[in-house]
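Q: Please take a close look at one part of this model, the middle of its sheet, and describe how that part is paired, packed and connected to the rest.

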Amino acid sequence: MNVTWLYVPGDRPERFAKAVASGADVVIIDLEDAVAPPKKDEAREHAVAYLRGRRDTEVHVRVNDPATERGRDDLAAVGRLADGVRLPKVESVAVLEGLAGTPAYALLESAAGIVAAREIAAHPAVAGVALGEQDLAAELAITDEQAMNHLRLQVVLAAAAAGLPPVPMSVYPNVKDEEGLLASSLAGRALGLFGRTAIHPRQIPVIRRAFRPGADEAARAAEIVAAAEEAERAGVGAVALPDGRFVDAPIVARARRTVDLARRLADPPA
């Protein structure tokens, strides 16, 4: 599973390669909010030129509102080139009709989007959903974190019910507040959110740390995986832990994911 996504403005092509080198799992070339209206056509051209080249990192493009002509033009230009397209301001499945070929990630940024979250998440064109929290909070005049948590959980449930990957967290706007970013990410993780988008490369290591399994969690998961492998070798279906407890298949699957994640996010050797 991807843990970090890094936005880069589409009108700053000199930053594309730097974003790819940042260590982010996915780079998102942004044609929407990060680009002023007079530069949007230019940004699209830069994105197309970059996507036609070779790259190792997964690259998505956040297009403009797909309900608008500009957004549809963006999709026509980058849809077959990008590894994924991120669709802002999705409020119904109507804008998803006709999408094909490229994984689409629906951004829910309004009250209407939250209300339609389950229907949107279940649409066959959708590969994932995420929240646009700043727009949503502004529309609803939300200042209370618990109220926002309620909305977050609705999207977490919609994604899980549709069999989609876990919902990543929205950006943390203060790039200098690493303690706040860490605390916020840990709180989101406790709600079932997983991973986070970033607006600056310096946020990447903090996000990775927040979503890395702790030592005790990783050790426990490794114990479960070892017991499952022993049961498989013995040809038995029940998985018994050394302390006498039994675990079922979903717990084993989660343990395998935890072991893999701990390995991927481990600190490099000193």
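A: A nonpolar core is a set of buried Ala, Val, Leu, Ile, Met, Phe, Trp, Tyr and Cys residues joined through side-chain atoms within 4.5 Å, and buried means under 20% relative accessible area. The model is predicted. In the largest nonpolar core, which has 62 residues, the members that touch the most other members are Ile29, Val61, Leu87, Ile120 and Val129. Helix 7 (residues 145-161) gives the most to this core, namely six residues. A second, separate core has 12 residues, among them Ala221, Ala228, Ala231 and Val252.

Leu87 leads to the part in question, strand 4 (residues 84-87). Gly84 and Arg86 point one way from this strand, Val85 and Leu87 point the other way, and all are buried. With neighbours within four places in sequence left aside, Leu87 is in contact with Val63, Pro66, Leu75, Leu96, Leu99, Ala104, Tyr105, Ala106 and Leu107.

Strand 4 pairs with strand 3 (residues 58-62) through three bridges, and the two run parallel. Within this pairing, His60 stands opposite Gly84. Between the two strands the chain passes through helix 3 (residues 69-78), and this β-α-β crossover is right-handed. Strand 4 also pairs with strand 5 (residues 104-108), again in the parallel sense and over three bridges. Here the bridge partner of Arg86 is Tyr105 in strand 5. Tyr105 is also on the list of residues in contact with Leu87.

The loop between strand 4 and strand 5 holds Lys89. Its phi is near 60°, a positive value in a residue other than glycine. Most residues other than glycine have a negative phi. Lys89 counts as partly exposed because its relative accessibility is 33%. Ala141 likewise has a phi near 60°, positive although the residue is not glycine. Ala141 lies in the loop between helix 6 (133-140) and helix 7, and it counts as exposed because its relative accessibility is 63%.

On the approach to strand 3, Thr57 sits in the loop between helix 2 (40-51) and that strand. At 14% relative accessibility, Thr57 counts as buried. Not counting residues up to four places away in sequence, Thr57 touches Val20, Ala24, Asp25, Val26, Val27 and Asp83.

The wider setting is an open sheet of seven strands in the order 6-5-4-3-2-1-7, with parallel pairing. Strand 6 (126-131) and strand 7 (196-198) are at the edges and have a single partner strand each, so one side of each is left without a neighbour in the sheet. On average, neighbouring strands of this sheet are turned by 25° against each other, direction ignored. At the strand 7 edge, three bridges join that strand to strand 1 (residues 4-9), and the two run parallel. Leu6 stands opposite Ala198 in this pairing.

As for annotation, an unreviewed UniProt entry places the feature "domain: HpcH/HpaI aldolase/citrate lyase" at residues 5-201. Over residues 5-201 the chain is 38% helix and 17% strand, and the end C-alpha atoms are 10 Å apart.

Technical notes: Residues numbered from 1 in each chain as written. Predicted model: local features only at pLDDT ≥ 70, side-chain atom pairs only at ≥ 80, totals over all residues. Heavy atoms only, no water. Buried < 20%, exposed > 50% of the residue type's maximum accessible area, 1.4 Å probe, protein only. Helix = DSSP H or I, 4+ residues; strand = E, 2+ residues; numbered from the N terminus. Pairing = 2+ DSSP bridges. Right-handed = clockwise from strand over helix to strand, strands pointing away. Contact = heavy atoms within 4.5 Å. Axes fitted to C-alpha atoms, helices over the stretch in contact; angles between N-to-C directions. UniProt positions renumbered as here; feature names shortened; annotations may be inferred.
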